[in-house]
Structure formats: structure tokens, C-alpha cells
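Subject: Structure handover

Hi,

Here is the structure I promised to pass on. Have a look at it first, and my notes on what turned up follow below.

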Amino acid sequence: MNKWALCLLLGLSVWSVQADNIIDEVIWIVGDEAILRSEVEEERLRAQYEGQQINGDPYCVIPEQMAVQKLFLHQALIDSVEANESTVSHQVDMRLNYYISQIGSKEKMEEYFRKTQSEIREELMTTVRNQMIIQQMQSKLTEHIKPTPAEIRRFYSSLPEDSIPTIPAQVEVQILSFEPPVPREETERIKSRLRDFTERVQGGKADFSTLARLYSEDTESAKRGGELGFVGRGQLVPEFADVAFNLVDPKKVSRIVETEYGYHIIQLIEKKGDRINCRHILMRPRVSATDKVKALEKLDTIRQIIRDSADATFEQAVVRFSQDKQTAMNAGVMMNPNTGSSKFEYQDLPAEVAKQIYKLQVGEMSEPFMMMDEMKNKEICAIVKLKSKNDVHKANLVDDFQVIRQMLEQKLSREFVENWIRKKQQETYVHIDDKWKGCDFQYPGWE
């Protein structure tokens, strides 16, 4: 860093109106990068709103975290590590929509953060982009850490008894499910309702966003007048995307679109490059009690065939009858979205599934039952089979080798990153304003 750049940055730190009325100031310099007091305040406010606990003095913890981030970002620049801009935009839109839904409106959000929505969005773009780059940089630094089986066994042998984790009861579950058929009359009722909405909007008798708030069954977007926020084509189901991305007139309403979630009408708000912001109204046909009973009876017949026939298996029935795209091609085995594995703790299963599985022995099937598909917010009928079960136990190398491997990888990665940070501390110019010194830093050596 040259002398003139340093003088300029230090000069910025004395912006003030009166001695105790500081507009902003540079409180840290890390390499060529400054950390401003306003940035620390904004991060503290954001953490407070999102419920993130800060362990220690936030005016010590937050600047140090920012300084560490700048070390990673500088290395990422050297190594040409970049974030996927489409993913960044999607994450930002999700956060903005979350803020608006929680605070109550766009105007209230702007009042809370004391910024316009576009300013909040730009700041979030930078924050999310940097977070993704840092994560990728950390992964790149530790990608070589691959402990051998011998190292894993030695690690396990070295663990004190009270450090060996207790593995909770885990189960593997297979599911066969489908939606009860919807009568044609009910489908026509929904379409007629949506056609009426379209005529009222295009005839100037109603506002699309008002109708969405009143009638849309997508409860989250309904709070925002049906608005989805800016999304890319890949973030929408194909049937919806094909229609939405072909809209050109914000005053027009799309034709009725059928997706796995129900029936929609769509109104364009704005297009930006390969992203779109639109409103929609979603309505779902209702299934009668009689149709639910018929579906359960059909499922019970399938269950009896599997139980009584030597030639019929649960896996074959899944391939033939199941409508669950996530499991139909995987012999019905459910996958845990939190871990990516097929093993679940009971509390991680859908409540209705957990209730059925708890009563079963390995290899047994449940009675047919109704449950909610949380992704589609639809009722489906299902039977489940308990594929395997491991009771509560202390982790061991036979049953839990992957758990122990992950423990060792995390330990080695954490140690490597901490050593890397300490090394970079010594190689990087750091200046801390006197008023911000004297902290109990996680990484001593900044001052």
C-alpha cells in the first residue's frame, strides 16, 4: 500500500461535524481495504434483526470478522474465485422478500433500515456475493484434506470417552404416495374462478395484487400481492416459467397455467436481463372426502397385494404407482434434505410419517394414511415401510465411519484455516483506530 493511499484513508477517519457527532469514520484498515464504523453498525443491526447471537462485544467481534473476511476475499481475487451471480440474485431476492413479509411492507422495511429498497438490495448483493466467495475460498483451501482410513481409526482411538458423540436413533424409510384424483367438475370450478379474475383485472374492475392478497393459496406471495421477486427461469417450474417469461405487457394477465402446485394466472411486473419479477394467483382444486376414501382403499389394496404375493414387492409398487418424483426412481427411499443421506432422526421426518414409522418393525409397512406434501401444500395418501433402524448408541467405526470421518475432516479443516488466518495476519498491513483497540480478539496479533 503506498503512502498517499494510506494518508487518504487515515484522513477519511476524521470526518465529523462535532467531536461527539461523527458521521462516519475508518476504524480498521486491512491491506488496501477500509472498515467503516457505519458498516459495523449496519452489520450489528442486521444481526439483531435476524436473531444472530454475537458472542462478545459486537464492536470487537464484528470488525474482526470483517477483517478476516477481507483476508479471504483478497486471496479469492488472487485465485480468481467468483460467485455465481444468478445464485447471488436469487438469495438476495429471498432475503428481501423475507424482510418485507416479516416487517410488514416495503415501506416499513425502508423505514427500518433507513434506506431505499434498491439501496438495501445493492448492499445485500455485496454481502451475499462476498459470503459465497468466502465459502468457496475456504473450500478451496481445505479441499486437499482427505484423511485416510488409518488416520480416521487413529483419531477415533484418541478420542476421550466423553468426546465420542452419541448417535440418536435413525431410520431409513420408503414411501409410496399419490394424490387422490380431482373430479373434472372441481377443476372446471377453479378455472372458471381464475377466468373471472382475469376479466375483472383486464376490464379495470379489480387490481391483480388485491385479488392475490384475498384469494391466492400461495400464502407467502399473497402477503405481497402475489409478487415473487426477481427470479431466474431455473428457479421456477418449467410450465410456469414458459408462460411468465413470454409475457410482455404488464397490463395483461396470462392464460391459466397448470403446474404440480395447482392452477395459476400470472401478471408481469418487470424484466431485468435473464430475470423476471411477476405476480401470480394460485388456486388448488379441492378433493372430496369420498375421493380421499377411494384413494386410501386403492392404496390398501396395493398394500395387501404386496403382503400376500410372493412376486410383488414394495419397490415394484413404487415404480408402478407412486407419484412422488423425489423417491419414485429410488425404490421409494426418502432422502434427508438436511444431510443428503437416507437416514433420518424421527424429528426430521414429516410428522405423519414419523407417527407411522415409530410403530413399525424393520420390513413392515404402515396402514394407508393421509398427509400433507409440504412442498406442494397438497394432501396426499401414502404408505411407508421401515427399511432399517439404528437405535441410540455411541458412535463406532462399524456403523458410523462416515460420521467419524466428517468429525476428523472438520477438525483438520478448522485447524488449517485458523493457521492460514494467523499466517495472513503477519503478511498483511493492519491499522486499527486507537478507540477500537484493546479487544479480546479471537485471533490475537492484529494490533
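**The pocket and its lining**

The residues lining the largest pocket split into 14 nonpolar, 13 polar and 13 charged. Before you go further, keep in mind that this is a predicted model.

That lining comes to 40 residues. If you want a place to centre a box, Met66, Gln69, Lys70, Leu73 and Asn130 are the ones that lie nearest the centre of the pocket. Four elements each give two or more residues to the lining: α2 (37-50), α3 (58-78), α6 (117-142) and α15 (401-427). Which element gives the most? That is α3, with 12 residues. As for volume, the largest pocket has about 1,200 Å³.

**The cysteines**

Helix α3 turns up again here, since Cys60 sits in it. How many disulfides are there? The count is 1, and it is formed by Cys60 and Cys439, with their sulfur atoms 2.0 Å apart. This pair ties together distant parts of the chain, as Cys439 is in the segment after β12 (430-432), 379 residues away from Cys60.

Is the disulfide left-handed or right-handed? The torsion about the S-S bond of Cys60 and Cys439 is about -70°, so it is left-handed.

Are the two partners buried or exposed? The cut-off for buried is under 20% relative accessible area. Cys60 has 14%, so it is buried, and Cys439, at 17%, therefore counts as buried too. Two further cysteines to look at are Cys278 and Cys381. Cys278 is buried, with a relative accessible area of 0%, and Cys381 is buried at 0% as well.

**The sheet with β12**

The strand that comes before Cys439 is part of an open sheet. This sheet has 3 strands in the order β2-β1-β12, with antiparallel pairing. Its edge strands are β2 (33-36) and β12, and each of these pairs on one side only. From one strand to the next, the twist averages 20°.

Zooming in on one pairing, β1 (residues 26-30) runs antiparallel to β12 over 3 bridges. Which residue of β12 stands opposite Trp28? It is Ile432.

**Strand β8 and its partners**

Cys278 was listed above as buried, and β8, which covers residues 275-283, is worth a look for its burial too. Of the 9 residues of β8, 8 are buried, so the strand is largely enclosed by the rest of the structure.

β8 pairs with β7 (residues 262-272) in the antiparallel sense, over 9 bridges. In that pairing, Tyr263 stands opposite Met283 of β8. The hairpin of β7 and β8 has 2 residues between the strands, and Gly273 there takes a positive phi near 60°. If you check backbone torsions, that glycine is the one to find in this hairpin.

β5 (residues 231-232) is another antiparallel partner of β8, with 2 bridges between them. Here Val231 has Ile276 of β8 as its bridge partner. As a general reminder, strands of a sheet pair through backbone hydrogen bonds, either parallel or antiparallel.

**Where to start**

If you only have a few minutes, I'd open the view on α3. It gives 12 residues to the lining of the largest pocket, and it also holds Cys60, whose disulfide partner is Cys439. After that, go to β8, where 8 of the 9 residues are buried.

Shout if anything is unclear.

Cheers

Definitions and conventions:
Residues numbered from 1 in each chain as written. Predicted model: local features only at pLDDT ≥ 70, side-chain atom pairs only at ≥ 80, totals over all residues. Heavy atoms only, no water. 1 Å grid on protein atoms, 1.4 Å probe; cavity = no way out; pocket = protein on both sides within 12 Å on 5 of 7 lines; lining within 4 Å. Points joined across faces, edges and corners; volume = space filled by probe spheres on them. Nonpolar A, V, L, I, M, F, W, Y, C, P; charged D, E, K, R; others polar. Disulfide = S-S within 2.5 Å. Buried < 20%, exposed > 50% of the residue type's maximum accessible area, 1.4 Å probe, protein only. Pairing = 2+ DSSP bridges. Axes fitted to C-alpha atoms, helices over the stretch in contact; angles between N-to-C directions.
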